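Biologist: Could you take me through a close look at a single part of this model? I would love one connected answer on how two of its helices pack together.

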Amino acid sequence: MLDLQKIRADFPILTQKVNGKPLVYFDNGATAQKPQVVLDAITKYYSEINANIHRGVHTLSQWATDAYEESRGKIQKHLNAKHAHEIIFTAGTTHGINAVANGFAALLQPGDEILVSAMEHHSNIVPWQMLCERTGAVLKVIPMNEKGELIRSEYEVLLSEKTKIVTVNHISNALGTINPVDYIIQKAHEVGAAVLIDGAQATPHLKPDVQALDCDFYVFSGHKVCGPTGTGILYGKEAWLNKLPPYQGGGEMIATVSFEKTTYADLPHKFEAGTPNIAGGIVLGTAIDYLNEIGFEAIAAYEHELLAYATQKLEQIEGLRIIGTAEHKTSVISFNVGNIHPYDIGTIVDKLGIAVRTGHHCAQPVMDFFGVPGTVRASFAFYNTKEEIDIFVEALQKAVMMLS
Ligand code: PMP
């Protein structure tokens with residue numbers, strides 16, 4: 001059981017009024033709010049430690065390096081990665097996917113195939129399309145059904161020895177579907193393909209075990225797990241990270257440089273060119289600690305309760321259609337009411353202090369599949385409450401009345 005009162009007190013932003021009303025923040029799929037420990041850790045870093053890492057002999061530089069590497073260790077433990085050097089700090093999910101896609105440019109031949117799913121975020125489509133343009137590889141799409149679930153039989157038909165990488169999200173941001181990633185990974189490995197899992201939406205809700213999953217790459221964003229923006233993680237199996245060429249060149253990622261030839265540093269530095277977001281990387285570790293203290297099992301159970309409660313309440317609104325009704329779903333509800341434009345609903349409920357997402361959620365192919373221009377998306381976090389859902393449903397009813 002979560003101590004909601006205590007948890008909510010950890011988040012200063014939640015006590016704010018917006019447009020004269022208490023803030024109801026249901027845009028957690030876009031980014032999560034930050035607890036006080038995270039805010040304090042940012043201040044502490046800049047007021048007591050700030051120095052560049054891996055370079056200085058001086059004490060501050062050593063402190064900063066130690067804190068940064070300690071955070072890498074925390075994330076290794078969190079993901080259950082075999083080695084700390086399999087954890088690469090990035091600027092976020094988008095950065096991680098692009099780093100892998102660019103690395104694969106050196107490995108692909110014309111006619112090789114890349115599989116993505118029909119429910120990907122643009123950041124897990126566009127980098128692969130760019131890669132196909134560069135290499136002559138072909139992008140294939142694993143279809144989904146009307147509930148927003150991937151169709152297993154079609155996936156199996158698409159897999160062949162031509163498949164070099166399969167890249168799917170663990171949880172869909174537009175639909176909330178939890179994908180059967182263990183099955184997807186196992187099947188891909190049977191044909192020798194690598195698998196990248198986009199964990200942007202999964203990591204706020206569950207604790208992935210990359211060794212149990214046996215995925216080759218797992219990426220996520222710090223800002224969605226209560227950490228700072230501009231942070232993220234690329235996990236890659238050691239063998240894969242050794243095989244892929246680096247995506248950016250610069251300081252920190254080299255062993256030796258001369259004008260004739262440069263050799264690259266060992267992992268993880270090979271993929272960490274330049275001065276990184278040092279404070280962000282350290283504080284991402286603080287955010288992960290915070291979530292682990294609450295516990296992912298308790299978080300998932302409570303969020304599921306919120307999902308069930310909100311779904312049952314929303315279904316009572318006439319003309320409301322939920323997009324994404326997968327059997328395994330996380331606390332995301334995408335919906336439309338009649339022909340009302342999602343933007344109009346979002347604008348009215350915002351006046352009542354409620355933050356929801358409206359639009360295509362960077363997943364235009366998903367919207368095309370369901371034949372809608374966009375949806376209203378309410379996405380819940382462990383600090384949300386049933387009372388907030390009641391406020392939202394009441395506001396939504398008002399909005400629908402005004403717009404009908
Ligand atoms: N993939 C998914 C499933 C997402 O939800 C998001 C963020 N909405 C991203 C990728 C991209 O994450 P970021 O913008 O933090 O790089």
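**A helix pair up close**

Modeller: Happily! The crossing of helix 3 and helix 10 is left-handed. Keep in mind that this is a predicted model. Packing of two helices is described by the angle between their axes together with the distance between those axes. Here helix 3 covers residues 59–79 and helix 10 covers residues 278–294, and their axes come within 8 Å and cross at roughly 40°. That angle makes helix 3 oblique to helix 10, because angles under 35 degrees would count as roughly parallel and those from 65 to 115 as roughly perpendicular.

Now for the residues that meet. From helix 3, the contact is made by Ala64, Ala67, Tyr68, Glu70, Ser71, Lys74, Ile75 and His78. Helix 10 answers with Ile278, Gly281, Ile282, Leu284, Gly285, Ile288, Asp289 and Asn292. Sorted by class, this contact has eight nonpolar, five polar and three charged residues.

To place the pair in its setting, the protein chain has 14 helices and 17 strands. Its radius of gyration is 22 Å, close to the 22 Å that the globule rule gives for 404 residues, so the chain is as compact as a globular protein of that length. Along the principal axes, the C-alpha trace spans about 70 × 55 × 35 Å.

You may also like to glance at the ligand. There are 13 residues around the ligand, and Gly92, Thr94, Asn173, Ala200 and Ser221 come nearest. The shell around the ligand divides into two nonpolar, 10 polar and one charged residue.

Notes. Residues are numbered from 1 along each chain as its sequence is written. This is a predicted model: local features need pLDDT of at least 70, side-chain atom pairs count only at pLDDT 80 or more; totals for chains, interfaces and linings use all residues. Axes are lines fitted to C-alpha atoms, for helices over the stretch in contact, and angles run from 0 to 180 degrees between N-to-C directions. Helices (H or I, at least four residues) and strands (E, at least two) are DSSP runs, numbered from the N terminus. Angles under 35 degrees count as roughly parallel, over 145 as roughly antiparallel, 65 to 115 as roughly perpendicular and the rest as oblique. A crossing is left-handed if the near helix is turned anticlockwise from the far one by less than a right angle, and right-handed if clockwise. Two residues are in contact if their C-beta atoms, placed from the backbone, lie within 7 Å. Ala, Val, Leu, Ile, Met, Phe, Trp, Tyr, Cys and Pro count as nonpolar, Asp, Glu, Lys and Arg as charged, and the others, Gly among them, as polar. A residue is near a molecule or strand if its C-beta atom, placed from the backbone, lies within 6 Å of it. The radius of gyration is taken over C-alpha atoms; the globule rule is 2.2 Å times the number of residues to the power 0.38.
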